[in-house]
Amino acid sequence: MSEPDLRNELGHAPTEPLLPIEKKLIGWSLGIGLVLLVILLLINQLFPVAS
Amino acid sequence: MSSTTDTTPLVVTRAPSSPWINDDWLAVWIGLLIFLASLAWLYGYDVLGWVVTTSVWIDPNAALGTVSKAYADLGGPGALVATYLALVGVLTIGVAALRANILRFVAAFTVVFVIAYASWIVGSYAQVAAVTPADLQKFGIPWSLRLTNEGGYIVALIAGLIIANVFPRFAEWLKEATRPELYIKIAIVILGAFVAVTAAGRLNLATTLIVRGVAAIIEAYLIYWSVVYFVARKWFGFTREWAAPLASGISICGVSAAIATGGAIRARPIVPVLVSSLVVVFAVVEVLILPFLAQSFLWQQPLVAGAWIGLAVKTDGAAVAGGGITESLILARSASEGIHYQPGWILGTTTTIKVFIDIFIGVWAFILGTIWTSYINPTIAGDKTKIIEIWERFPKFVLGFILTFAVGLYLALGAPQFASKLPLAVAEANTFRVIFFILTFFSIGVLSNFRKLWQEGIGKLAAVYLVSLFGFVIWVGLLISWLFFHGIKPPVVS
């Protein structure tokens, strides 16, 4: 792809609406990530740094 | 940053025949070769003692020396030449296996080595590197930039940036030897043994740090990725083909994650290549800023700083080497306050975080590939993502890191007859690790042609990167590093 084409593509690409599967991917990733982080934090509280 | 593919951005010159080895495996073999050679010391053979090392200097004649006194007769310049010859020999064999142009590599590597190591020597000049008042007194100087001798990494990076942006034709000529991916992967394989020896002294603390490293995986893959993908798609209107590699590049591990994702969702090759170029440029900006911020604001929380660099800087080369700079700066600041932390823990934390994130690139690419080929773009018959792709995209150099770590840990804890000699043996290998860090920094600089990126019209991509990195990734990384690592201090040197 030539540079003018690329510039044109990036500047004027037609909008692709978010599909339901994309919304699911974003939602589930974020949700699972936050839940796992909270669980890890709790584990860290239960098992403090070994010295 | 790893991949089974050639991930060096902006590099287009390659021999037409396909190589029988890739960067990852080559790094494993070269790293293991250096590690095994260093282990000969355990049996009384000082095989690597001739390697050049640089001290903080005011008298140029005292700058260079051999890492082992057994080879002191070689002298500093002799050690430098010997190190160059060894590196050019081993690397030439390696890049020949990669089907690169050997003559061009040797010529370019010679120049790369000279400029990179000269930068390191400049960075070790006392008025740049001296840290403590005792050092200033020793060298008879009233002030210093206090960058430690690892400020030489910054000098090498700046030298590379000047070449890339002021002398682009010269940068083009050096291209065959500007291989930051290869250099940093070799360094990481060697680093495994160094981290093991450091960890063996405080195994409980090391285990705790590794467990906390799991948080980094969750953050990078599940939180960063989804937010950046949403920002790219919803706020900036990028298509899926651009948004997915961009999200992986910004969130996970830069170049290799962008390329792995691009391959998994069947994007055109130009997409991950351009994203990769962007990743390298932003990594340079981060390395020039974040270690100094860490020194100013996180010096009392050294491991938070180490984890933060690992989470915020998005290429292995810049992140791990940035961890090295951060460690030097924080150790220097702590030393000026009378606290002498044991070296290796901050860098070890950065490396652990980065390696943990790397390991799952293949799994994440498989998940995205499955979603794309099954739900988003299911039109290509027979082009479903296959589970073997997880292994194909697995960063093989991580195996080298794990191996040197495991062997180092075994020798430190399970072989008492070697325990006293092991730190010296690993220190010799570690000297090579430092040299590969220097080559990485210089190479990253040479590949960072800011003007070329702008000419390619990727300002909009850069805007997503800017918003995501400085508006979200850095600060969430800092928060999570703080939550999981605050209050944990490296051991103090007794």
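User: Why does the distance between the end C-alpha atoms of helix 2 of chain B agree with its 23 residues?

Analyst: In this predicted model, the check rests on a rise of 1.5 Å a residue. The 23 residues of helix 2, residues 75-97 of chain B, should therefore span 33 Å, and the end C-alpha atoms are 33 Å apart. Just beyond this helix, B:Arg99 has a positive phi of about 65°.

User: Which residues of helix 2 of chain B are buried, and what covers them?

Analyst: Burial is judged by counting neighbouring C-beta atoms, with 20 or more within 10 Å as the threshold. In helix 2 of chain B, the residues that meet it are B:Gly76, B:Ala79, B:Leu80, B:Thr83, B:Leu91, B:Gly94 and B:Val95. Their cover includes helix 1 (23-39), helix 3 (102-123) and helix 18 (422-446), together with strand 1 (52-54) and strand 2 (64-66), of chain B.

User: How many residues of helix 12 of chain B are buried, and against which helices do they pack?

Analyst: Helix 12, residues 302-312 of chain B, has eleven of its eleven residues buried; B:Trp308 and B:Pro302 are among them. These residues pack against helix 9, helix 11 (270-297), helix 13 (316-336), helix 14 (345-359) and helix 20 of chain B.

User: What span does helix 9 of chain B reach, and where is its kink centred?

Analyst: The span calculation can be repeated here. Helix 9 of chain B has 33 residues and reaches 46 Å from first C-alpha to last, close to the expected 48 Å. Its kink, of about 35°, is centred on B:Glu219. Of the 33 residues, 24 are buried. After helix 9 comes B:Gly237, with a positive phi near 70°.

User: How many residues does the largest nonpolar core have, and which helix gives the most to it?

Analyst: The largest nonpolar core has 177 residues, and those with the most contacts inside it are B:Leu157, B:Ile190, B:Leu246 and B:Ile438. Helix 9 of chain B, residues 203-235, gives the most to this core, with 18 residues. As for B:Leu246, its contacts beyond four places in sequence are B:Ala232, B:Phe238, B:Val275, B:Leu461 and B:Val464.

User: How many residues of chain B are in contact with chain A, and of what classes are they?

Analyst: An interface is often sized by the accessible area lost when the parts come together. Here, contacts are counted instead: 32 residues of chain B meet 26 residues of chain A. Elements giving two or more residues to the chain B side are helix 9, helix 15 (361-376) and helix 20 (459-485) of chain B. Helix 9 of chain B supplies the largest share, 16 residues. By class, this side of chain B has 18 nonpolar, eight polar and six charged residues.

Terms used
Residues are numbered from 1 along each chain as its sequence is written. Chains are lettered from A and ligands numbered from 1 in the order in which they are written. This is a predicted model: local features need pLDDT of at least 70, side-chain atom pairs count only at pLDDT 80 or more; totals for chains, interfaces and linings use all residues. A nonpolar core is a set of buried Ala, Val, Leu, Ile, Met, Phe, Trp, Tyr and Cys residues joined through C-beta atoms within 7 Å. A residue is buried if 20 or more other C-beta atoms lie within 10 Å of its own, exposed if 12 or fewer, and partly exposed in between; C-beta atoms are placed from the backbone. Helices (H or I, at least four residues) and strands (E, at least two) are DSSP runs, numbered from the N terminus. Two residues are in contact if their C-beta atoms, placed from the backbone, lie within 7 Å. Ala, Val, Leu, Ile, Met, Phe, Trp, Tyr, Cys and Pro count as nonpolar, Asp, Glu, Lys and Arg as charged, and the others, Gly among them, as polar. The expected span of a helix is 1.5 Å times one less than its number of residues. The bend at a residue is the angle between axes fitted to the seven residues ending there and the seven starting there.
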